[in-house]
Amino acid sequence: MKVAVSIGDLNGIGLEIALKSHNKIKEWVEPVYCINKKMLEKGAKLLNYKIPDDFEIVEIEGEFEINPGKIDEKSGLYSYNSFLKAIDLAQKKKADAICTLPINKEAWAKAGIKYKGHTEVLRDIFKKDAIMMLGCEKLYVALFTEHIPLKEVPKKIKKEKLIQFFIDFYKSTHFEKVGVLGLNPHAGDGGVLGDEEIKEIMPAIIETNEILNQNIFYGPLVPDIAFKEKKGRFIAMYHDQGLAPLKALYFDESINVSLNLPILRTSVDHGTAFDIAYKRIADTKSYENAIKYIIKHKDIK
């Protein structure tokens, strides 16, 4: 299967990861890298890496000087265009899935790009409520709410929205058992510490399982002990509730998956790591796991 790889911010570690991993990745899938020859050669020269003969590329317009570790609008724009090309290849069935290397949000802003990141772009292009799931084979966590202030989260916890989220999540993963975290400490403690669990979350779990005619979802779980087994599949009510334990346990292994879309998209779950850019010490495990997820889940959208 062919995977379109958007190269990420060229001032970061994305190109190093792509070049370093290529000989391993090509044994699993057929990668095509969204970068032009001139930029590839510039980056490889800085890294002192030989470009493999079978490193297939698709041209992305643009040429600029690579400045390792620097936030730069030209690099930001190039990473955005690389991502758009990967999406285009998937839409035209010229790629079976896409995998994204890390971008820098500030560089995107400097380039005048209105989106904060990959997921926002995908939601806008496909007009779908993409679900953000992060983790590794041991532990996956999906986020019911993402990048919003904590004070806004309780307003979003509504039964009907939860039901739709649960159904979309199941259809995109086919996971057989999924724990749903409560919103409040001790999952509300019977309503003493909050009633969202009683009024919204529990009814949503019950109705979703009835709709699916399967007991897929369970909870609401007490958040502070949900991860004690260090494994499983969970839905967190807000960003840090799910990602703090995940990253404490599996920071180097985790990936980011966009669910509920007509295309399959995975990504590394780390940033551009400007502090180690072009030092040849970047870890490739997250990228490799992102490709492995595509192989395992290629028949599920």
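Colleague: Where in the chain is K93 found?

Modeller: K93 is found in the loop between α3 and β4. Please keep in mind that this is a predicted model.

Colleague: What is the phi of K93, and how should such a value be read?

Modeller: Most residues other than glycine have a negative phi. K93 has a positive phi of about 65° although it is not a glycine. K93 comes after helix α3.

Colleague: Is K93 buried or exposed?

Modeller: The relative accessible area decides this, and a residue counts as exposed when that value is over 50%. K93 has a relative accessible area of 70%, so it is exposed.

Colleague: Which other residues have a positive phi?

Modeller: Two further cases may be examined. H174, just after helix α7, takes a positive phi of about 60°. N213 lies in the loop between α8 and β8, and its phi is near 60°, again a positive value in a residue other than glycine. With a relative accessible area of 68%, N213 is exposed.

Colleague: How is the length of a helix such as α3 to be judged?

Modeller: One compares the span from the first C-alpha to the last with the span expected at 1.5 Å a residue. Helix α3 covers residues 73-91, which is 19 residues, and it reaches 27 Å, close to the expected 27 Å. Helix α7, residues 159-173, has 15 residues and reaches 21 Å, close to the 21 Å expected.

Colleague: Which residue caps the N-terminal end of α3?

Modeller: That residue is D72, which has a side-chain oxygen 2.9 Å from the backbone nitrogen of K74.

Colleague: Which residues of the two helices are buried?

Modeller: Buried means under 20% relative accessible area. In α3 the buried residues include Y78, Y80, F83, I87 and L89. In α7 they include L162, I163, F165, F166 and Y170, with D168 also among them.

Colleague: What is the order of the strands in the sheet?

Modeller: The order is read from one neighbour to the next. Here the open sheet has 11 strands, arranged β3-β2-β1-β4-β11-β10-β5-β6-β9-β7-β8, and the pairing is mixed. Strands β3 (57-58) and β8 (217-221) have a single partner strand each and stand at the edges, so each has one side without a neighbour in the sheet.

Colleague: Which strands are joined to β5, and in what sense do they run?

Modeller: Strand β5 runs antiparallel to β10, to which five bridges join it; the bridge partner of L134 in β10 is N256. Strand β5 is also antiparallel to β6, with three bridges. There M133 stands opposite A142, and the two strands form a hairpin with three residues between them.

Colleague: How many residues of β5 are buried, and on which sides?

Modeller: Five of its five residues are buried. I131, M133 and G135 lie on one side, while M132 and L134 lie on the other, and both faces are covered. Helix α5 (residues 118-126) lies across β5 as well as β4, β10 and β11, running at about 165° to β11.

Colleague: Which strands pair with β9 in the parallel sense?

Modeller: Strand β6 does so over five bridges, and β7 over two. I235 of β9 is the bridge partner of A142 and also of V180. A236 of β9 is the bridge partner of L143. Four of the five residues of β9 are buried.

Colleague: Where does a cis peptide bond occur?

Modeller: Most peptide bonds are trans. In this model a cis peptide bond joins G219 and P220, with omega about 0°. P220 belongs to strand β8.

Colleague: What surrounds N184, and is N184 buried or exposed?

Modeller: N184 is in the loop between β7 and α8. Its relative accessible area is 12%, so N184 is buried. Leaving aside residues up to four places away in sequence, N184 touches L193, G194, D195, E196, E197 and P223. Its side chain is joined to that of E196 by a polar contact of 2.9 Å.

Colleague: Finally, how is the chain divided into domains?

Modeller: Domain 1 takes 1-128 + 261-300, and domain 2 takes 129-256. Their contact involves 18 residues from domain 1 and 19 residues from domain 2. The C-alpha centres of the two domains lie 29 Å apart.

Terms used. Residues numbered from 1 in each chain as written. Predicted model: local features only at pLDDT ≥ 70, side-chain atom pairs only at ≥ 80, totals over all residues. Heavy atoms only, no water. Expected span 1.5 Å × (residues − 1). Buried < 20%, exposed > 50% of the residue type's maximum accessible area, 1.4 Å probe, protein only. Polar contact = N/O pair within 3.5 Å; in protein donor to acceptor, adjacent residues only side chain to side chain. Pairing = 2+ DSSP bridges. Contact = heavy atoms within 4.5 Å. Axes fitted to C-alpha atoms, helices over the stretch in contact; angles between N-to-C directions. Domains from an automatic or database assignment.
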